[in-house]
Amino acid sequence: MADKKQAEEKNNVFKKLLSSNLTVEVIALILLILLCTVFDHAFLALSWNDNTGGLAGPLITMLQESARYLMIATGMTLVISTAGIDLSVGSVMAVAGAAAMQALSNGTNVWLSILLALVIGLVVGCINGALVAFLGLQPFITTLIMMLAGRGLAKVITSGENTDASAVAGSEPLRWMANGFILGIPANFVIAVVIVVLVGLLCRKTAMGMFIEAVGINPEASRMTGIKPKQILFLVYAISGFLAAIAGLFATASVMRVDVVKTGQDLEMYAILAVVIGGTSLLGGKFSLAGSAVGAVIIAMIRKTIITLGIDSAATPAFFAVVVIVICVMQAPKVRNLSAELKRKRALKSSEKAVAA
């Protein structure tokens, strides 16, 4: 009897794992890694680089790139969970990066340059939040306008040129943020993971996460229960802007140069894809920061797969779309419950035969 109960418990745990979006994401990530390994046998190879003081290899490069996706996906998750959208994250990255590089080029202390970039990202996020929460503007339109305005602001900051601060002395802390290592692991990835964990703890160990989900499900009902939807909306957009600024620092500090046109380009779409892959509904409500984090790593892994397979740049968007669609199909409830449905039908047929006999 005890053995049967234990078997049932193990079976229930197994079913829960299979029904989890996070499990599907991990499987998809492993499959992408295996695919790359087939085409490049040295893909999983790791070596120690004495010059950088850290590990080197294709996987390490992928982790370095995923740091920026982790930041914008985390902010986007909170925004989408309130049934909103933030299309300005890519432009905020460009503005923050432009501010940091231009400040460094003008002789500003590196820490003040970093602080300036973060403040600008926070301010842009607060503007988005104020327009959406207090003036009642549509998030799509508001952030779309800010996306266009952000690129323009980046050009104003750099006088329309791509600012290069690679020759500026004293910029080592910023360089380390993007290219350094902590115990052999890319520093930007470690920083990004720590920030994601802190945001997760803030959402799950306090009432903040519940408030965000309540606002996403029904703002009016949440207001009647004592929650202040306007403050919550303002907060999530402010956080999104701040995290996008960190992503901008990661992107520009890797080469110590900002391209006002290409920095952060299309990353708002990648952030949305990471959130969707992570299982958060675009209609708002319940969200998963862990799912979005793994989704962000998957986005970086897809880009790495494209390079490893040598796919032509013209076909890159199509390949990207196919992989994302496959992952989303794998997560569909009907697909995940397919085996259980087949078992149910077989059991029903067996019982019908038994009755007929």
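Colleague: In this predicted model, which residues of H12 are buried?
Modeller: A residue counts as buried when its relative accessible area is under 20%. Helix H12 covers residues 267–277, and eight of its eleven residues are buried, so the helix is largely enclosed by the rest of the structure. The buried residues of H12 are Leu-267, Glu-268, Tyr-270, Ala-271, Ile-272, Ala-274, Val-275 and Ile-277.

Colleague: Which word describes how H12 and H13 are oriented to each other?
Modeller: Two packed helices are described by the angle between their axes and the distance between the axes. For H12 and H13 (residues 289–309), the axes lie 7 Å apart at an angle of about 125°. An angle that is neither under 35 degrees, nor over 145, nor from 65 to 115 has one remaining label. H12 and H13 are therefore oblique.

Colleague: How many nonpolar, polar and charged residues form the contact of H12 with H13?
Modeller: The crossing of these two helices is right-handed. H12 contributes Tyr-270, Leu-273, Ala-274, Val-275 and Ile-277, while H13 contributes Gly-291, Ser-292, Gly-295, Ala-296, Ile-298, Ile-299 and Arg-303. Sorted by class, the residues of this contact are eight nonpolar, three polar and one charged.

Colleague: Which residues does Ala-73 touch, leaving aside those up to four places away in sequence?
Modeller: Ala-73 belongs to helix H3 (residues 58–81). Its relative accessible area is 0%, so Ala-73 is buried. Ala-73 and Ala-271 are 198 residues apart in sequence, yet their C-alpha atoms are 4.6 Å apart in space. The residues touched by Ala-73 are Ala-271, Ala-274, Val-275, Ser-292 and Ala-296.

Colleague: What is the phi value of Gly-279?
Modeller: Gly-279 stands just after H12. Its phi is positive, at about 95°.

Colleague: Is Asp-266 buried, partly exposed or exposed?
Modeller: Asp-266 is placed in the loop between H11 and H12. Its phi is near 70°, a positive value in a residue other than glycine. Its relative accessibility is 42%, and the middle class runs between the cut-offs of 20% and 50%. Asp-266 therefore counts as partly exposed.

Colleague: Is Leu-183 buried or exposed?
Modeller: Leu-183 is found in the loop between strand S3 (181–182) and strand S4 (185–186). Like a residue discussed above, Leu-183 is not a glycine and has a positive phi, here near 55°. The relative accessible area of Leu-183 is 87%, and the cut-off for this class is over 50%. Leu-183 is therefore exposed.

Colleague: Which helix supplies the largest share of the largest nonpolar core?
Modeller: The largest nonpolar core has 98 residues, and those with the most contacts inside it are Met-71, Ile-72, Leu-78, Leu-174, Ile-298 and Ile-302. The largest share of this core, 14 residues, comes from the helix spanning residues 229–253, namely H11.

Colleague: Which word describes the orientation of H5 to H11?
Modeller: The axes of H5 (residues 110–133) and H11 come within 7 Å and cross at roughly 150°. Angles over 145 degrees share one label. H5 is therefore, with respect to H11, roughly antiparallel.

Colleague: How do the residues in the contact of H5 with H11 divide into nonpolar, polar and charged?
Modeller: The crossing of H5 and H11 is right-handed. The contact includes Gly-121, Leu-122 and Gly-125 of H5, and Tyr-237, Ala-238 and Gly-241 are among the residues of H11. By class, the residues of this contact are 16 nonpolar, five polar and one charged.

Colleague: Which word describes the orientation of H9 to H11?
Modeller: The axes of H9 (residues 208–217) and H11 come within 10 Å and cross at roughly 105°. This angle falls in the class from 65 to 115 degrees. H9 is therefore, with respect to H11, roughly perpendicular.

Colleague: With which residues is Ala-251 in contact, leaving aside its neighbours within four places in sequence?
Modeller: Ala-251 lies in H11 and is buried, with a relative accessible area of 15%. Its C-alpha atom is separated by 7.9 Å from that of Met-93, although the two residues are 158 apart along the chain. The residues in contact with Ala-251 are Arg-68 and Met-93.

Colleague: What percentage of the residues of the chain count as buried?
Modeller: The chain contains 16 helices and four strands. Of its 357 residues, the share that counts as buried is 46%.

Terms used: Residues are numbered from 1 along each chain as its sequence is written. This is a predicted model: local features need pLDDT of at least 70, side-chain atom pairs count only at pLDDT 80 or more; totals for chains, interfaces and linings use all residues. Side-chain values use heavy atoms; hydrogens and water are left out. A nonpolar core is a set of buried Ala, Val, Leu, Ile, Met, Phe, Trp, Tyr and Cys residues joined through side-chain atoms within 4.5 Å. Buried means under 20% relative accessible area, exposed over 50%, partly exposed in between (1.4 Å probe, protein chains only). Axes are lines fitted to C-alpha atoms, for helices over the stretch in contact, and angles run from 0 to 180 degrees between N-to-C directions. A crossing is left-handed if the near helix is turned anticlockwise from the far one by less than a right angle, and right-handed if clockwise. Contact means heavy atoms within 4.5 Å. Ala, Val, Leu, Ile, Met, Phe, Trp, Tyr, Cys and Pro count as nonpolar, Asp, Glu, Lys and Arg as charged, and the others, Gly among them, as polar.
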